[in-house]
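Here is a short report for a reader new to this structure. Please keep the sequence and the model in view while reading.

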Amino acid sequence: MRWSQTYIPTLRQQQSDAELISHQLLLRAGYIRKLGAGIYLYLPLMQRVIEKFSKIVREEMNRAGALEITMSVLCPAEVWQKSGRYYTIGKEQMRLKDRHQHEMVLCGTHEETVTSLVAGELKSYKQLPLNLYQIQVKFRDEIRPRFGLMRGREFIMKDAYTFDADETSFAKTYQGMVDAYFAIFKRAGIDVVKVESDTGAMGGKAAHEFMLLVNTNAGEEIIISCESCDYAANIEKAEFEDTVNVKTDNDLKEMKKVDTPGAATIEEVTAFLKVDATRLVKTLLYIADGKPVAAMIRGDRDLNEVKLKNALKAVELEMANPEQVQQFTGCPIGFAGPVGLRNDIPILVDPLVGRLKNFIVGANENEKHILNVNLDRDFKATKVVNLSKAREGDGCPRCRGRLITRDGIEVGNTFMLGTKYSETLGAKYLDAEGKEHPCIMGSYGIGITRTPQAVLERYFDDKGIIWPKNIAPYLVELIPISMESSEQVETAEKIYRELQEAGIEVLYDDRPERAGVKFNDADLVGLPIRITIGDKSLKQGMVELKARAEKDFTLVAINQVVTAVKNLAQRLN
Ligand code: ATP
Ligand code: MG
């Protein structure tokens with residue numbers, strides 16, 4: 001492709017609305033433009049990146065036995081009402097009415113559609129396992145669309161859905177998808193880690209996420225992993241062994257209300273009462289599906305909202321605001337406690353609190369706390385359930401090794417769905433004896449637009465992008481220093497032709513621009529290999545060959561360029 005004939009609107013200035021380096025680079029290097037919040041347009045270079053990555057995904061999915069189909073984005077609401085998710089998915093689902101006032105949804109995922117597709121059509125166990133996938137646009141009205149392609153409201157996903165007859169067969173299918181995922185990300189130039197994750201709105205039994213670890217501030221996810229064994233989980237899901245040395249009393253002491261003037265936060269109360277944070281118990285008030293609940297955790301730990309949401313089986317969960325706290329407890333934030341709390345408010349208690357004796361809680365009165373409170377004696381738990389967030393330094397739930405935290409970007413995931421959708425939507429098959437069973441299902445997503453941007457959080461420098469070769473829009477950028485030199489132009493045309501004949505994709509910067517402008521753009525756009533043609537080397541019949549990721553160039557004879565490019569490409573990521 002000749003630069004003069006494509007459309008690469010590069011920008012020199014920093015883009016103020018892009019916080020992440022990857023987002024900044026895609027805008028500045030002319031890959032994407034924003035149309036609205038979470039809505040992006042893919043320009044020619046981005047289109048090629050998406051095609052490259054999609055091709056890798058297709059090849060590996062096909063190799064694993066998956067069959068490509070295309071399902072509609074538009075879906076009648078009834079299909080989602082049947083599974084029940086219409087009522088639980090919340091505001092993330094985009095909805096509309098057609099001209100006949102018929103309710104429709106724009107799919108953000110396709111479990112309902114694919115299950116209705118096979119329901120009634122699948123007859124015998126002999127047709128299983130079945131694995132259907134598509135690469136297609138998705139719509140989700142994300143609360144916080146941000147970071148460019150990382151979290152859009154319209155984005156492209158590869159989604160696959162599997163149907164198996166029994167658990168043994170499903171285990172093989174699931175492992176097949178996991179293997180395909182590792183192969184896909186490896187070919188795209190990144191190593192990913194597989195972590196246990198929460199099943200969230202998808203339902204089902206277990207799930208894994210594929211994370212790209214990053215050192216930039218792009219990591220929206222925190223991963224907990226063990227230094228000694230291979231345990232790794234999203235922090236939303238992570239279990240842990242509490243290894244904090246907590247001093248406890250032998251005897252239960254009498255409750256005592258004390259003044260704690262000006263002390264509302266854990267730091268203030270521990271400083272004022274001169275006690276360790278492990279003696280305090282926080283009572284946090286939330287609104288779960290419109291109703292108040294209290295969650296109690298030890299003073300030194302943080303609450304894991306996903307664990308709380310799951311324990312309550314809630315669809316929407318948010319912290320109570322100051323007015324609501326005042327309404328529920330009769331006092332400002334910081335003094336809520338379980339003793340004498342309004343009895344229509346359920347109290348969920350973390351097991352670490354259950355182990356404490358004579359702890360300190362808020363008194364439901366302004367600037368007052370109660371000492372020597374004990375579970376069961378002084379208040380009852382509606383439910384004792386894990387609510388604490390794992391943190392660095394905790395013990396591994398498997399081997400008691402030390403847990404550490406890392407930042408990651410979720411690029412893909414796999415869900416064990418069980419029979420939730422096959423039962424509600426009727427995806428059943430007959431076994432050898434003619435008995436009917438629901439299929440065991442799995443679903444598997446990869447962010448087709450998120451992943452390439454995520455890759456850039458790892459591969460860039462102060463000048464621009466450094467694409468891994470397999471998803472770069474072109475492998476080579478060809479730059480004659482001056483378009484006014486007929487010798488340079490002739491050589492460029494010859495090399496351009498030869499590379500193309502050899503099946504090597506090349507972007508030929510044929511603009512009549514200054515060399516500096518072309519070099520800057522080349523570094524920004526980030527193609528893996530650059531060939532520069534200048535008078536000095538040309539006199540010796542040579543051109544310069546340089547990897548974007550490396551500082552030095554080598555001189556290559558004009559008639560050796562194709563071989564040299566192939567050799568260089570081979571050793572690049
Ligand atoms: P997240 O936790 O990041 O919201 P998710 O659990 O909602 O992701 P899935 O529904 O399983 O994700 O979607 C599969 C894949 O699609 C994700 O792994 C991610 O790569 C991609 N993806 C999900 N939401 C978005 C989005 N809003 N914009 C771009 N890509 C997305
Ligand atoms: Mg999501």
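The text below goes through two sheets and then the salt bridges.

This is a predicted model.

**The sheet of strands 4, 6 and 5**

Strands of a sheet pair through backbone hydrogen bonds, either parallel or antiparallel. Here, three strands make an open sheet, and their order is 4-6-5. The pairing is antiparallel. Which strands stand at the edges? They are strand 4 (74-76) and strand 5 (94-97). Each has a single partner strand, so one side of each has no neighbour in the sheet. Between neighbouring strands of this sheet, the turn averages 35 degrees, direction ignored.

Strand 6 covers residues 103-106 and pairs with strand 5 over four bridges, in the antiparallel sense. Within this pairing, R95 lies opposite V105 of strand 6. M94 faces L106 of strand 6. The two strands, 5 and 6, form a hairpin, with five residues between them. Q101 sits in the turn and has a positive phi of about 65 degrees.

On the other side, strand 4 is joined to strand 6 by three bridges, and these two strands run antiparallel. L74 stands opposite L106 in strand 6. L106 therefore has M94 opposite it in one pairing and L74 opposite it in another.

**The sheet of strands 13, 19 and 18**

A further open sheet has three strands in the order 13-19-18, again with antiparallel pairing. Strand 13 (256-259) and strand 18 (359-362) are the edge strands, and each pairs on one side only. From one strand to the next, the twist averages 30 degrees. Strand 19 spans residues 368-373, and four bridges tie it to strand 13 in the antiparallel sense. In this pairing, V258 is opposite H369 of strand 19.

**Salt bridges**

Side chains of opposite charge can pair when their charged atoms come close. How many salt bridges does a search of the whole structure find? It finds 42. The table lists some of them.

| Pair | Closest N to O distance |
|---|---|
| E68 and R58 | 2.8 Å |
| R402 and E227 | 3.6 Å |
| R301 and D394 | 2.5 Å |

Take E68 and R58, which form a salt bridge. This pair links distant parts of the chain: E68 is in strand 3 (residues 67-68), R58 is in helix 2 (residues 44-63), and they are 10 residues apart. E68 is partly exposed, at 36% relative accessible area. R58 is also partly exposed, at 29%.

Next come R402 and E227, a salt-bridged pair. They too link distant parts of the chain, 175 residues apart. R402 lies in the loop between strand 20 (383-384) and strand 21 (403-418). E227 lies in the loop between strand 11 (221-226) and strand 12 (232-234). R402 is partly exposed, at 39% relative accessibility. E227 is exposed, with a relative accessible area of 51%, because the cut-off for exposed is over 50%.

Then there are R301 and D394, whose side chains meet in a salt bridge. R301 is in the loop between strand 15 (291-298) and helix 8 (305-312). D394 is in the loop between strand 20 and strand 21, and the two residues are 93 apart. Are R301 and D394 buried or exposed? Both R301 and D394 are buried. The pair also belongs to a network, in which salt bridges with shared partners join D242, R298, D300, R301, R391 and D394.

Key
Residues numbered from 1 in each chain as written. Chains lettered and ligands numbered in written order. Predicted model: local features only at pLDDT ≥ 70, side-chain atom pairs only at ≥ 80, totals over all residues. Heavy atoms only, no water. Pairing = 2+ DSSP bridges. Axes fitted to C-alpha atoms, helices over the stretch in contact; angles between N-to-C directions. Salt bridge = Lys/Arg side-chain N within 4 Å of Asp/Glu carboxyl O. Buried < 20%, exposed > 50% of the residue type's maximum accessible area, 1.4 Å probe, protein only.
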